[in-house]
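Colleague: I am new to this structure and would like a close look at a single part, the open sheet. Please also say how that part sits in the whole.

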Amino acid sequence: MPLQSLDIIRRSATTTPSPEVRGSYSGTVAKLIDTTKCIGCKACQVACMEWNDLRDDVGINFGSYQNPADLSDRSWTLMRFSEYENPKGDLEWLIRKDGCMHCADPGCLKACPSPGAIVQYSNGIVDFQEENCIGCGYCVTGCPFNIPRISKRDKKAYKCTLCSDRVAVGMEPACIKACPTGALVFGTKEDMKEHAAERIEDLKSRGFDKAGLYDPPGVGGTHVMYVLHHADQPGLYAGLVAEPRISPLVRLWKGRAKPVSLAIMALTALAGFFHFVRVGRNEVDERDEAAARASMDANRKPEARA
Amino acid sequence: MTNHWVDIKNADIVLIMGGNAAEAHPCGFKWVTEAKAHNKARLIVVDPRFTRSASVADVYCPIRTGTDIVFLGGVMNHLLTEDKIQHEYVKNYTDMTFIVREDFAFADGIYSGYDADKHSYDKSSWDYEIGADGYVKVDPELKHPRCVYQLMRKHYARYTPEMVERVCGTPKEKFLQVAEMIGSTSTPNRAMTVMYALGWTQHSIGSQMIRAGAMMQLLLGNIGVAGGGMNALRGHSNIQGLTDLGLMSNLLPGYLTLPNEKEQDYDKYIAARAYKPLRPNQLSYWQNYNKFYVSLMKAWWGDAATPENRWGYDYLPKLDKGYDMLQTFELMSQGKINGYICQGFNPLASSPNKAKMNGALAKLKFLVIMDPLVTETSEFWRNFGEHNDVDPAKIATEVFRLPTTCFAEEDGALVNSGRWLQWHWKGAEPPGEARSDLQIMGELFTRLRALYKSDGGAYPDPIMKLYWPYVMPNSPSADELAKEYSGRALKDLTDPKNPSQVTRKAGEQLAGFAELRDDGSTLSGCWIYCGAWGPSGNLMARRDNSDPTGIGQTLNWAFAWPANRRVMYNRASCDPSGKPFNPARKLIAWNGTTWGGADVPDYKVDEDPSLGMGPFIMNADGVGRFFARGGMAEGPFPEHYEPFETPLATNPLSPGKAEALNNPAARVFKDDRAAFGKVADFPHVATTYRLTEHFHFWTLHSRLNAIMQPQQFVEIGEVLAKELGIAGGEQVKVSSNRGYLKAVAVVTKRLRTLTVDGKPVHTVGIPIHAGFTGLTKPGYLTNTLTPVVGDANSQTPEFKSFLVKVEKV
């Protein structure tokens, strides 16, 4: 469902041209997550569930403050807690709000084979249009940050929308509104970079020499950015990817391999046509049927055990 | 709070100790991040655990639970020996120059006047020396061996950095780093705020920990200034209002006190509280006690409070002893209480030693629960397996549940930590049969009164004559009660200097407590709230957040008690001549004729500073006291005593004195003493606390909170976990001498093993949010484990330090 107040500049698996008249003259948007101000209170998680009408399961404690245990179709954002003993021997409790990074060059969108299931708005938000989703899971493979989750209920992919519905009408995302410490801020990407620069200067005055902004170029930059105390070691923050890139498989498939595969598909179709003209239809006999049934049974068994 | 939430942004140093603001007060914590972002403030966290607050701190300093006085005493020793004190402030605004009586003594951890059998002190020697002029003797040179300065130096000389390391387990370098940072605020242009909460309150020496913090702030000149103060973070919505309105058993509204049973004489009761000045030209504002008291009695008994019946003095109960929570439940467990009303209170979950509480509730004939939700207390008689293993067939207590509205379903004022009375409006209709507390109490009262009328009673007057002027007697409104606690004139009030001029007409609301009279012509249900609903209307409902000075003094936002004053003791922010110590953060100043500025002056507005009136106008001497006189149960200077369940055999500060191991003035009931555990059986130190994701027990019923923190857990350090072979996520059993619980283990680096008195001490962290009702996984009440012993002054239970044993299940 396209939002009338926003232009969609990219759609998955679509070749018709995108509208270009309404440029994003006010700049693209960005969420800045300042891990150095975050206290891990999870107000963002709650606000996300409230605004989006989601309720994850009441789970269990698996030996961590992190709850729910992981991102899910109903948990689109999650605080991840990491304990780090720095070289000075002091402990640091690094808390990172995980969720969709809204890449400028989104691997999910590139990988998605279903027309219009993943879109990118002119303001930079990458959104899933679940009604078009076929549940193939290619977006999961395509995402360098391991964000999308396929729902067991409807077999569709879900993730943070950056509250595209709120942003479209001039409001900040729900998580931003709920954050009590100002660790989450929202605005144009340029403003957020400026704000981050001030924060980084402050952090350097507090002895964090390697403080910096996480806006990884490998995915064209992101519309969700982090201020990190240790920008040289993003992995400390619950395994934040140091240099994210779209999976080579997706790049290959959607890049150089695409014309080749299209040619192969065309040739296959052509071959089929000639086969039909020269030989006629393929008939299925009883032996083929039995073989097919046996192979289906073999596939079903592990599922039944699970 | 002496200051208020917004003011924290003015701090240069923020010390969070005895609290975990980021965890328990995440919204208020934003002002810490403001101070860091815009004031280059540095945040120090001193805590047994590396907390959420510590995660954004500049310095984290570990400490063994229950040893904060050693740490703070060490800081005071450092400030005194390194001369990091605000001299002008300390000399003029504190009792440093005062001379103490000759018979006052302190040796081996015990003060003069101790009665070991009674566990209490004769405090008569704990006082200043009074001269022939009736005033306290002073030595401006600070040389007299018995002046407070010298006594204090001597007292805290024992609190060396080495002693801090030995008792607290805090590495010496870390301690010194923190002490130096704290000392940097002794200059007039720098301020430190102290944010504390139940991490100080819930110890058997909790009040003295807080006092030690306040003394440190006085030494630094940080009380009464913007960005400074002693800031108690109140943990329940409106718990500040509860204490203000005198819901403690020994209090009347506005921190007036109930008479004790020896005080049958009204005049003596007043005289003992209307302190005469102890130094020349001091305001000693409690001299107005009678005005507050009479106005209160007019609010309660109206025309029935007359000069003839001493304003209804006989209607007030006279205390034979304190009836705090621990005393009440002791009496209940002895079968001496028949009925109990729990109004917004879940004692089975909230009071120590659940087994004792279960037994006590089972001895009641009836129990009334006023609460929006099912509580553990309302279900105390039901068997929930291991989580509440009782036999309902053996419990005869009749339980009545009266469902109440919650805060969002009613009008009223909530008082925040910064003493702001903020009015709120009903947001939704209550569900089902829920009624407001006002309606339930109103109906209960009118029915009781009808019963007294028809059947009579032993002493019906206090009930029959209670002033009950509400439009709907069965359901007084929040507006009516607010106007009553604020107060109004009952007769035309005239200017004492010009009796022909009427200053306030009969029936008009009063603008402030300065208008209160002791002749029965005014009514005010809580003098410190006087003016909250003034002649111009409900000031609590104001929402103008303009901040003309930029330092967060929004005087037109709501109403702050007293007198809409935002920073208490703000006179102390100026030097003796009336000039602000720090012009960049000016609160008030003397302009030659009056005091004024960004705050309501905490001083006589037209008092010329050259006349020497002190800034602490509630004290008879006008100064901030390092020497508490008889104000505290266990001594005039805070002294360290070990928790009642301690891993140590002796108190390292007074090793030779068995009586000085634990608080010598604590009240411990016989059975409760027998239930204390020993370190040989329970080798691990435990502390309890809140988590951000929950609020006590009631959010266990809320789905979103349950999703965020679904199951009971305990936190143990990596060293202990390794020793016991426990991995994160596994079940552990934690036992004390009073019971056990089983929970998931969170194994963490954030709880480190401390070296105390040469031995390793492991701390176990036990969050309080678990119960057998609600949507989370059922769990054990944390207070199954905790000991029954309170602070000797407030009787707040020692929930923060006790002994347990952790085992792998």
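Modeller: What follows starts with the sheet and then moves outward.

This is a predicted model, in which local features need pLDDT of at least 70, side-chain atom pairs count only at pLDDT 80 or more, and totals for chains, interfaces and linings use all residues. Residues are numbered from 1 along each chain as its sequence is written, while chains are lettered from A and ligands numbered from 1 in the order in which they are written.

The sheet belongs to chain B, where five strands line up in the order β3-β2-β1-β8-β9 with parallel pairing, and the sheet is open. Helices (H or I, at least four residues) and strands (E, at least two) are DSSP runs, numbered from the N terminus. Two strands pair if DSSP finds at least two bridges between them. In sheets, strands pair through backbone hydrogen bonds, in either the parallel or the antiparallel sense.

The edges of the sheet are β3 (59-62) and β9 (230-232) of chain B; each has a single partner strand, so one side of each has no neighbour in the sheet. From one strand to the next, the twist averages 20°. Here axes are lines fitted to C-alpha atoms, for helices over the stretch in contact, and angles run from 0 to 180 degrees between N-to-C directions.

Within the sheet, β1 (residues 13-17) and β8 (residues 192-196) of chain B are joined in the parallel sense by four bridges. On β8(B), M195(B) is the bridge partner of I16(B). Helix α10 (residues 206-219) of chain B packs on the sheet and touches β8 and β9 of chain B, with a direction at about 175° to that of β8(B). Contact is judged between residues: their C-beta atoms, placed from the backbone, must lie within 7 Å. Another helix of chain B, α8 (residues 172-183), lies across β1, β2 (42-47), β3 and β8, and runs at about 130° to β3(B).

Now for the chain around the sheet. Chain B has 22 helices and 33 strands. Its domain assignment gives domain 1 (6-235 + 622-631), domain 2 (240-319 + 479-539), domain 3 (325-413 + 426-451) and domain 4 (658-808); such bounds come from an automatic or database domain assignment. Between the C-alpha centres of domain 1 and domain 3 of chain B there are 39 Å.

The C-alpha trace of chain B spans about 85 × 70 × 55 Å along its principal axes. A compact globule of 809 residues would have a radius of gyration near 28 Å, and the 26 Å of chain B agrees with that. This radius is taken over C-alpha atoms, and the globule rule is 2.2 Å times the number of residues to the power 0.38. Of the 809 residues of chain B, 53% count as buried, meaning that 20 or more other C-beta atoms lie within 10 Å of the residue's own, with C-beta atoms placed from the backbone.

Finally, chain B meets chain A through 36 residues from chain B and 31 residues from chain A. On the side of chain B, α2 (30-39), α3 (52-55), α21 (703-708) and β29 (739-748) each supply at least two residues. That side holds 19 nonpolar, nine polar and eight charged residues. Nonpolar covers Ala, Val, Leu, Ile, Met, Phe, Trp, Tyr, Cys and Pro; charged covers Asp, Glu, Lys and Arg; the others, Gly among them, are polar.

How values were computed:
Contact = placed C-beta atoms within 7 Å. Buried ≥ 20, exposed ≤ 12 C-beta atoms within 10 Å, placed from the backbone.
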